[in-house]
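The questions below concern a ligand site and the residues around it. Please keep the sequence and the coordinates in view while reading.

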Amino acid sequence: MKTPVRVAVTGAAGQIGYSLLFRIASGEMLGKDQPVILQMLELPMEKAQAALKGVMMELEDCAFPLLAGMVGTDDAEVAFKDADIALLVGARPRGPGMERKDLLLENAKIFTAQGAALNKVASRDVKVLVVGNPANTNAYIAMKSAPDLPAKNFTAMLRLDHNRALSQLAGKAGVAVADIEKLVVWGNHSPTMYPDYRFATVNGASLKDKIGDADWNANTFIPQVGKRGAAIIEARGLSSAASAANAAIDHIRDWVLGSNGKWVTMGVPSDGSYGIPEGVMYGVPVTTANGEYTRVEGLPVDDFSRAAMDKTLAELEEERAGVAHLL
Ligand SMILES: NC(=O)c1ccc[n+]([C@@H]2O[C@H](COP(=O)([O-])OP(=O)(O)OC[C@H]3O[C@@H](n4cnc5c(N)ncnc54)[C@H](O)[C@@H]3O)[C@@H](O)[C@H]2O)c1
Ligand SMILES: O=C(O)C[C@H](O)C(=O)O
């Protein structure tokens with residue numbers, strides 16, 4: 001039997017938490033031979049703690065063979081103690097008519113506190129994924145609030161956007177999602193993101209050539225992927241949850257177990273490549289192996305792409321300036 005991995009999940013009694021925890025405990029994230037200990041954080045409020053207790057009762061009732069332990073708490077330092085993986089989900093979601101950055105100041109303080117708690121008690125190798133919005137800037141805040149942990153351990157979730165783009169492309173081209181490779185989503189998890197299929201292939205052939213529709217790319221595909229979160233809020237009255245949990249599982253699974261050479265999108269602190277200033281938490285293509293991600297380097301950036309990449313960068317810089325006083 002392998003040593004259990006400690007997985008901390010914040011906002012554990014929320015919508016995403018409810019779609020996420022059972023899949024982690026069943027082995028879908030870290031493998032069917034990997035025991036896990038779930039360390040769950042919720043707000044110190046009676047209702048949230050009662051809901052967390054209910055979720056833990058249900059986890060217990062699943063009798064998951066891989067669930068080696070559970071902790072439910074309102075104290076971040078308990079939830080993050082020795083955590084190998086931390087999924088920072090707990091934050092306020094937006095409602096209809098809001099942009100994710102409208103949540104910035106309200107949610108930012110959560111991530112200064114949780115970054116500091118991770119800094120103090122988590123494993124030095126902890127892999128952190130920020131899901132709570134605005135995800136890139138919250139991940140940046142957590143990273144800056146944890147100066148003793150390597151910056152590369154902090155990531156933001158762009159995988160939902162990557163998966164959304166895959167499905168739109170597969171539908172347009174009449175191909176299977178599984179056959180599409182080398183897709184990128186650059187930048188911020190916001191409507192300014194730039195889903196880019198210039199390099200994408202289907203069974204080795206260019207997807208861009210197969211689609212051959214620049215107007216669809218600029219006027220349908222890019223805005224549709226960028227505004228998909230709002231479309232779901234409009235339809236459901238609540239923000240995406242099962243698909244967000246699924247993307248979080250994809251992100252961590254690939255980071256820990258490897259992407260087998262496939263490109264995936266992760267929001268990571270920039271190393272200065274592609275004209276993105278160092279430290280900005282920006283969606284880029286990576287491959288993953290042996291628990292590390294490696295940027296796909298040297299892709300050509302044409303004028304259209306440069307403009308799109310700079311627009312999403314400008315928004316991230318603006319968000320970063322808006323929280324500078326907290327860091
Ligand atoms: N990055 C993405 O792709 C993506 C996708 C979907 C949703 N989201 C974001 O994820 C977040 C959670 O969404 P949800 O639908 O699960 O929301 P939700 O309101 O259903 O659940 C959030 C939970 O977090 C808890 N919480 C709030 N502050 C906390 C704190 N400081 N510590 C611990 N727990 C805390 C709340 O009590 C609640 O139970 C939102 O910010 C949402 O916008 C991101
Ligand atoms: O759009 C939102 O506010 C929720 C989430 O970020 C999403 O993309 O579905």
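UniProt positions are given here in the numbering used for this model, with feature names shortened, and such annotations may be inferred rather than shown by experiment. The model is predicted, so local features need pLDDT of at least 70 and side-chain atom pairs pLDDT 80 or more, while totals for chains, interfaces and linings use all residues. Residues are numbered from 1 along each chain, ligands are numbered from 1 in the order written, and side-chain values use heavy atoms without hydrogens and water.

Q: Which residues does the UniProt annotation "binding site" cover?
A: The annotation comes from an unreviewed entry. The residues that it covers are Arg94, Arg100, Asn133 and Arg164.

Q: Which two helices each supply at least two residues of the shell around ligand 2?
A: The shell (residues with a heavy atom within 4 Å of the molecule) includes Leu160, Arg164, Gly229 and Ile233. With helices taken as DSSP runs of H or I of at least four residues, the two suppliers are helix 6 (159-173) and helix 9 (228-236).

Q: How far from an oxygen atom of ligand 2 does a polar side-chain atom of Arg94 lie?
A: Arg94 lies in the loop between strand 4 (85-88) and helix 4 (104-121), a strand being a DSSP run of E of at least two residues. A polar contact is a pair of N or O atoms within 3.5 Å. For Arg94 the distance is 2.5 Å.

How values were computed. A polar contact is a pair of N or O atoms within 3.5 Å; within protein, one must be able to donate a hydrogen and the other to accept it, and residues adjacent in sequence count only if both atoms are side-chain atoms.
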